[in-house]
Amino acid sequence: MNMIITNTCAVALTLAAPHLYAHAQTAPVVAPPASIRFEDATAGSGIDAVMTSGKLPSTQIVEVKGGGLALIDFDGDGDMDLFMPNGATLADPEHGPGARLFENLGGLKFRDVSERMGARPTRWAFGCATGDYDGDGRDDLYICCFGADILLKNMGDGRFTDVTAQAGLGDPAWSTSAGFADLDMDGDLDLFVVNYLDFDPSMPPPPAAFKGMQVMAGPRGLPARADILYENRGDGTFRDVSESAGIRKAIPGYGLNLAVVDFDADGRLDVFVANDSEQNSLFMNRTEPGGPLRFEERGMTSGIATNIDGAGQATMGIAIGDVDGNGRPDVFTTNFSSDTNTLHLNLDGKFFDDRTAQFGLGAASRPLLGWATSFDDLDHDGAEDVVVFNGHVYPQATKVAMDSDYQQPPLVMRRVGARFEVVTDPGAGLRGAHRDRTAVFNDLDSDGDIDIVVAELNGPLRVLRNMHDQSHDWIKVRLRGPTPGTSHGIGAWVELSTRTPTPRVLAKRWIWAGGPFQSTASTEVQFGVPDSWKDLQLEVRWPIVKGPAGFAPYAEVKYPVTPGSTVEFVHP
Amino acid sequence: MKELRTQWTVAAGGAIIGLLALIFDPTPGANAGVANPGPPIGGQEALPGAVTTPVPPPVAATPAAPDPRWEVVRKLLRSSQYPSAEAVARSLVKERPEDLRAGFYLGLALHKEKRYGEALPYLERASAAPVDSFPEAAHAVHYLGWCRYYLGDLPGARVAFTTHASAFPNYDDTQFALGLIAYEEDRVIDSEVYFRRALKLLGEQQGAARERAKNLARLGDVLLRQDRLPEAEQCYRQAVDLFETHGEAWSKLARVLDRLGRASDAANARARQAEIKARTETEKPLP
């Protein structure tokens, strides 16, 4: 394994012996006074896009989800560019204003290169997945649509070509989110597509009632569409293996989002699916290396399908993080108003427990309807904070009429000790009420802290700059795997630990497919590093990967690292 | 899912309080003032309240000029016709905008409709009034507490329920609410104390089975949070024994059984919950 370090002085690259240090629980960090501050940097950023999703006021269910966003390094220059698969309107769902692609120029400046894309879809689109499906070294785009989905092949010169039909894709079901990941460990990227429901805009269901008011009908009563698992054949084509892999055994849900993560640390990637208005699904990967894809649905029996009361929720956003410091990926989800967001702790890889209250994540979310979310250490105190973007689906919503306003501010919660606390003034960028939906989180200006791009329903994209801006209190990690399926390290985890005064784990991150909401999680890992953290080292564990010698056990490697570094691990 | 419950008990002061037709809804607080005994409405009956709660004398403080609509509102609330109760209460408020009691009933009706934001100002005003302003005034703060709770204002809810508890320490639903708030604030020991206190107040009284089941299900959560799995199982099991169609408790029981490694028992409990859910969903209109 090679390690490349940039943005820092030379560091001796010493390979420490694996398993040298005991795996300790991450200690809760007592944070200094809040310092999470964002400014709105949209003006002058070059991002001038408005996300179309029907018209305002929304009248039908297809109009209220908003579209998606994707981080993609389409030009291979090392920074994340931005793709927005755009929506359309009920009057012409096939011909909206079209997708947008923005090239990252650095310093939170972007260039609109949409016109140079070649294939530029106009179909009503929702979420998006990125990945190098054909192993040519360039990330491609899978776009979820109200109508047939679209696969765009990255041609490497800024152009994309629609290869949906050639790849055997293009299912016509209304899909909302998707994720590329090497689920069968054969080296290429398979594809999991989350479907929503069957809906005919010409025959909308009758209005429903919410809190005594007549509102547009929700999903209940409409036929749910089963999710689809596509196996990559390795020749640029896919085949639907949903039936044989056990995906169809699950009761179809109104799927909105997904997280592809190794929940039980067996080296195989599992799939958590967020469903609207009903129980969520957890597909545990039982595939044997070299064998056919096989999943077991364990949502209910694992405890992650519902909240503590056994109620299915309207789950939209997903964040993955190690909230309790036990080294396992916990799942935070955002939900409808008059409900709470929910944190499921991953107890042992087998069972999850709703610990929303324990961490103080419930009450503040009751008046809010949550969408995109992410765990990130926004103030670099060593503990991950959480941001949730909010906005109601019903245009009539007011705090008086529905206990929840139509336009809502983001919920910013900072980790303070054992709990999260609401940040009342996170700066102008995270202040103010909007109809927010999707977002992506990444260090877009390469200054070491996490910035955000958020999309409002039928509103302009906003670029939010993290004002932390200190030069040496962070570490970033990128992974480069040996196969297309692991090219960005999807399924790997990265652990930051110290040897002083005693060996202990300080923080852990997962690289996962899926994202905050109809968007992509960043494949770049970021750690905030407080001054008290010394003598640091990074450890990476990859998922099972097929190499020259077959299905090799995943590597665990430790390297010393200094703050202010961007580290690139290249798997041999 | 509706049950009429009428019960008589003796108040601390010796007054006989009529307890009313109540709906059980396992949702925390959904029964506040209805599933539990509460403030008197006047006349021969009292509005819902704690089973063992002593409440102020019901008749003496009624308005000088009785208006038949008060009784109509009370009856509508008792029979769960909340929108109708709201309409009548609203007409009272329109006629008597300064009448705190009318505002209280409007707030209560809105609270029962789960329209907490709209109920809030009415209940805030009623709670701020002197306790002898109208017969139910001392209990307005209890419903204010639930509104604040469901609007995400935990500190405000805690203040309201603590205020009510200091005046009515034997009001089980307020103890239940304080238990929920303590749980939300991760004060698990306090939470356990509150739920146990509510259970003690409810005792073995006839008609309190649903309320006891509700408290037991929450107590089970507190125990589960402390990894006291066998005790949690016992709580959940008692809850479903007391109230067999408590779907939430069946779900919780299934979860703890899974974690105890009794997959078959868990599957049975989950099947029971699914059965209840299916039945419940066919009984209510689509959202």
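The following exercises, each with a worked solution, concern a predicted model.

**Exercise 1. Burial of a helix**

Determine how many residues of helix α5 (residues 140–150) of chain B are buried, and which elements cover them.

Solution. Begin with the count: eleven of the eleven residues of α5(B) are buried, so the helix is largely enclosed by the rest of the structure. The buried residues include the aromatic side chains of Tyr143(B), Trp146(B), Tyr149(B) and Tyr150(B), and Arg148(B) is also buried. Next, identify the cover: it includes α3 (100–112), α4 (116–128), α6 (154–167) and α7 (172–184) of chain B. Finally, inspect the residues that follow: just after α5(B), Gly152(B) takes a positive phi of about 85 degrees.

**Exercise 2. Two open sheets**

State the strand order of the sheet that contains β3 of chain A, and identify its edge strands.

Solution. The order is β3-β4-β5-β6 in chain A, with antiparallel pairing in an open sheet of four strands. At the edges stand β3 (70–72) and β6 (109–112) of chain A; each has a single partner strand, so one side of each is left without a neighbour in the sheet. On average, neighbouring strands of this sheet are turned by 30 degrees against each other, direction ignored. For a specific pair, take β5 (residues 100–106) of chain A and β6(A), which are antiparallel over four bridges. Here Asn104(A) stands opposite Phe110(A) of β6(A).

Repeat the analysis for the sheet that contains β7 of chain A: which strands form its edges?

Solution. Four strands of chain A form an open, antiparallel sheet in the order β7-β8-β9-β10. The edge strands are β7 (125–131) and β10 (160–162) of chain A, each pairing on one side only. From one strand to the next, the twist averages 25 degrees. Between β7(A) and β8 (residues 140–145) of chain A there are five bridges in the antiparallel sense, and Cys128(A) has Ile143(A) in β8(A) as its bridge partner.

**Exercise 3. A buried strand and its partners**

Describe strand β27 (residues 411–416) of chain A: is it mostly covered or uncovered, and with which strands does it pair?

Solution. First, β27(A) is mostly covered, as six of its six residues are buried. Second, separate the two faces: Leu411(A), Met413(A) and Arg415(A) point one way, whereas Val412(A), Arg414(A) and Val416(A) point the other way. Third, list the partners. Strand β26 (residues 385–390) of chain A pairs with β27(A) in the antiparallel sense over three bridges, with Val388(A) opposite Leu411(A). Strand β28 (residues 419–422) of chain A also pairs with β27(A) in the antiparallel sense, over four bridges, and Arg415(A) stands opposite Phe420(A). Fourth, examine the connection: β27(A) and β28(A) form a hairpin with two residues between them, and Gly417(A) in the turn has a positive phi of about 65 degrees.

**Exercise 4. Backbone exceptions**

Locate the residues Lys211(A) and Ser277(A), and decide whether each is buried or partly exposed.

Solution. Recall the general rule: most residues other than glycine have a negative phi, and most peptide bonds are trans. Lys211(A), although not a glycine, has a positive phi of about 55 degrees. Lys211(A) is found in the loop between β13 (208–210) and β14 (213–215) of chain A. The cut-off for a buried residue is 20 or more other C-beta atoms within 10 Å; Lys211(A) has 21 such neighbours and therefore counts as buried. Ser277(A), also not a glycine, has a positive phi of about 65 degrees and lies in the loop between β18 (270–275) and β19 (281–285) of chain A. With 18 other C-beta atoms within 10 Å, Ser277(A) is partly exposed.

Key:
Residues are numbered from 1 along each chain as its sequence is written. Chains are lettered from A and ligands numbered from 1 in the order in which they are written. This is a predicted model: local features need pLDDT of at least 70, side-chain atom pairs count only at pLDDT 80 or more; totals for chains, interfaces and linings use all residues. A residue is buried if 20 or more other C-beta atoms lie within 10 Å of its own, exposed if 12 or fewer, and partly exposed in between; C-beta atoms are placed from the backbone. Two residues are in contact if their C-beta atoms, placed from the backbone, lie within 7 Å. Two strands pair if DSSP finds at least two bridges between them. Axes are lines fitted to C-alpha atoms, for helices over the stretch in contact, and angles run from 0 to 180 degrees between N-to-C directions.
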